[in-house]
Amino acid sequence: MLTGLPNRRAFEEAYAARDAKAGPYCLAVCDIDRFKRVNDIHGHSVGDRVLTAIGQAMAAECAPHLVVRHGGEEFAVLLAGLSLSDAAALLDSVRAVVAAKRFRNRETDTPLGTITFSAGVTAIHAAEPAEAAFLRADRLLYAAKEHGRDQICAG
């Protein structure tokens, strides 16, 4: 477990076990912008450390909400008890924290440049299957990418 975060299976279990009385619930899908470039320029070991640092920052900033590594450079966040606008505001503050970090290659002391993420966040409907909510959040993530990255799209 590279990032120290729970995985997609943990997300699916938490989604299925959510308590309707603890709602509303929102789902965010986050993806590190231009992550392939980090791996290509600095190597996979540096990329792994960046993934871990961003995942840990997201988990700390989103606590007590569940943050999981969904795969690759993608993270999912299950937010309980927040409206869509509050969930989007929280993710935007996390985005700003990550964008403000100054990553360096430990071996060479070379700056990696600004590393950002984009996210799509959506409100989960009462009896909605995880796949439907995830698909909607994923579409919003791609809208954020298409509109210039380093931003949150909510809907």
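A salt bridge here is a side-chain nitrogen of Lys or Arg within 4 Å of a carboxyl oxygen of Asp or Glu. Keep that in mind while looking at this structure, which is a predicted model.

**Salt bridges**

By that cut-off, the structure holds eight salt bridges. Let's start with Asp 31 and Lys 145, whose side chains meet with N and O 2.7 Å apart. Asp 31 sits in strand 1 (residues 25–32) and Lys 145 in helix 5 (residues 130–146), so this pair ties together parts of the chain that are 114 residues apart in sequence.

Are the two partners buried or exposed? Asp 31 has a relative accessibility of 13%, and because buried means under 20%, Asp 31 counts as buried. Lys 145 also comes out at 13%, so Lys 145 is buried by that cut-off too.

This pair has company: Asp 33 joins Asp 31 and Lys 145 in a network of salt bridges.

Two other salt bridges are worth a look. Arg 104 pairs up with Asp 109, with 3.0 Å between the closest N and O atoms. Both ends of this one are partly exposed: Asp 109 has 48% relative accessibility, and Arg 104 has 44%. Arg 136 and Glu 128 make a mixed case. Their side chains meet at 2.6 Å, N to O, with Arg 136 partly exposed at 24% and Glu 128 buried at 10%.

Here are the three pairs side by side:

| Acidic residue | Basic residue | N to O distance |
|---|---|---|
| Asp 31 (13%, buried) | Lys 145 (13%, buried) | 2.7 Å |
| Asp 109 (48%, partly exposed) | Arg 104 (44%, partly exposed) | 3.0 Å |
| Glu 128 (10%, buried) | Arg 136 (24%, partly exposed) | 2.6 Å |

**Helix 2 against helix 3**

Now for a contact between two helices. Helix 2 covers residues 35–42 and helix 3 covers residues 44–62; their axes are 7 Å apart and make an angle of about 140°. That makes helix 2 oblique to helix 3, because an angle has to be over 145 degrees to count as roughly antiparallel.

Which residues in helix 2 meet helix 3? They are Phe 35, Val 38, Asn 39 and His 42. On the helix 3 side, the contact is made by His 44, Val 46, Gly 47, Val 50 and Leu 51. Sorted by type, the residues of this contact are five nonpolar and four polar, with no charged ones.

Technical notes:
Residues are numbered from 1 along each chain as its sequence is written. This is a predicted model: local features need pLDDT of at least 70, side-chain atom pairs count only at pLDDT 80 or more; totals for chains, interfaces and linings use all residues. Side-chain values use heavy atoms; hydrogens and water are left out. Axes are lines fitted to C-alpha atoms, for helices over the stretch in contact, and angles run from 0 to 180 degrees between N-to-C directions. Helices (H or I, at least four residues) and strands (E, at least two) are DSSP runs, numbered from the N terminus. Angles under 35 degrees count as roughly parallel, over 145 as roughly antiparallel, 65 to 115 as roughly perpendicular and the rest as oblique. Contact means heavy atoms within 4.5 Å. Ala, Val, Leu, Ile, Met, Phe, Trp, Tyr, Cys and Pro count as nonpolar, Asp, Glu, Lys and Arg as charged, and the others, Gly among them, as polar. Buried means under 20% relative accessible area, exposed over 50%, partly exposed in between (1.4 Å probe, protein chains only).
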